[in-house]
Amino acid sequence: MAEMIIPYPQLQKILERTCELAVIKPRAEEMMDIVEKKLADLFEVAYENAKAERSETIKLRHIPITKGFRNSMNLFRAVIEGEGVEIEPIRKYVLKKIPGDIPLEEEVINELPTIAGTLFVLVGRVIKALHPEIRNVYPEHIEEAKKVLDYTL
């Protein structure tokens, strides 16, 4: 299982407030696996975009962030302020996970915690959209969300 980008107790509160979902730690770890994969996918595309532009750095515009993703980023930002989530450990963790030969611009580095946290929120929001009646997250819900995100991100 993956290491948790956001401490589990905080993640639990974030998913409760953003998606009205309850998640136990093993399910949160399964969600983390998806987050890491989608983060790698986003930065693979960002790397390709930067390379195509012959850019010396990866800029925020190189990351394929859609309007829906941006809306979820705003939701995540609002919640983490209330939860007191420490951003620096998230930033350091995510920086270790991003491959690539092109350095990241400062703006991208600053947004890394929000991008990673938003991916958690997106997993939860997909689960809630597919199963509006549920409260507790089960493995089959996570697998469905993974499939949707594989098709869309």
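**View A. A salt bridge between K59 and E105.** In this predicted model, K59 and E105 form a salt bridge whose closest N and O atoms lie 3.5 Å apart. Where do the two partners sit along the chain? K59 belongs to the loop between α2 and α3 (67-83), while E105 belongs to the loop between α4 (87-97) and α5, so this pair ties together parts that are 46 residues apart in sequence. K59 has a relative accessible area of 19% and is therefore buried, since buried means under 20%. Its partner E105 is partly exposed, with a value of 27%.

**View B. R135 meets E16.** Here is another salt bridge to look for, this time between R135 and E16, with the closest N and O atoms 2.5 Å apart. The pair links distant parts of the chain: R135 is in the loop between α5 (106-130) and α6 (139-152), E16 is in helix α1 (residues 8-19), and 119 residues separate them. Are these residues buried or exposed, or something in between? R135 is partly exposed, at a relative accessible area of 42%, and E16 is partly exposed too, at 30%.

**View C. K37 and D41 within helix α2.** Now take a look at a salt bridge inside one helix: the side chains of K37 and D41 meet at 2.8 Å, N to O. Because K37 and D41 are four residues apart in helix α2, about one helical turn separates them. K37 is partly exposed, with 45% relative accessibility, whereas D41 counts as buried at 16%.

**View D. K38 and its surroundings.** K38 is found in helix α2, which covers residues 25-52. With a relative accessibility of 3%, K38 counts as buried. What does the side chain of K38 reach? A polar contact of 2.9 Å joins it to the side chain of D150. Once neighbours within four places in sequence are set aside, the residues in contact with K38 are L119, L149, D150 and L153.

**View E. A network of salt bridges.** To finish, step back from the single pairs and see which residues are linked together. K37, K38, D41, K146 and D150 make up a network of salt bridges. Two of its members, K37 and D41, are the pair joined at 2.8 Å, N to O, and two others, K38 and D150, share the polar contact of 2.9 Å between their side chains. How many salt bridges does the structure hold? There are ten, among them the one between R135 and E16 and the one between K59 and E105.

Note on methods
Residues numbered from 1 in each chain as written. Predicted model: local features only at pLDDT ≥ 70, side-chain atom pairs only at ≥ 80, totals over all residues. Heavy atoms only, no water. Helix = DSSP H or I, 4+ residues; strand = E, 2+ residues; numbered from the N terminus. Buried < 20%, exposed > 50% of the residue type's maximum accessible area, 1.4 Å probe, protein only. Polar contact = N/O pair within 3.5 Å; in protein donor to acceptor, adjacent residues only side chain to side chain. Contact = heavy atoms within 4.5 Å. Salt bridge = Lys/Arg side-chain N within 4 Å of Asp/Glu carboxyl O.
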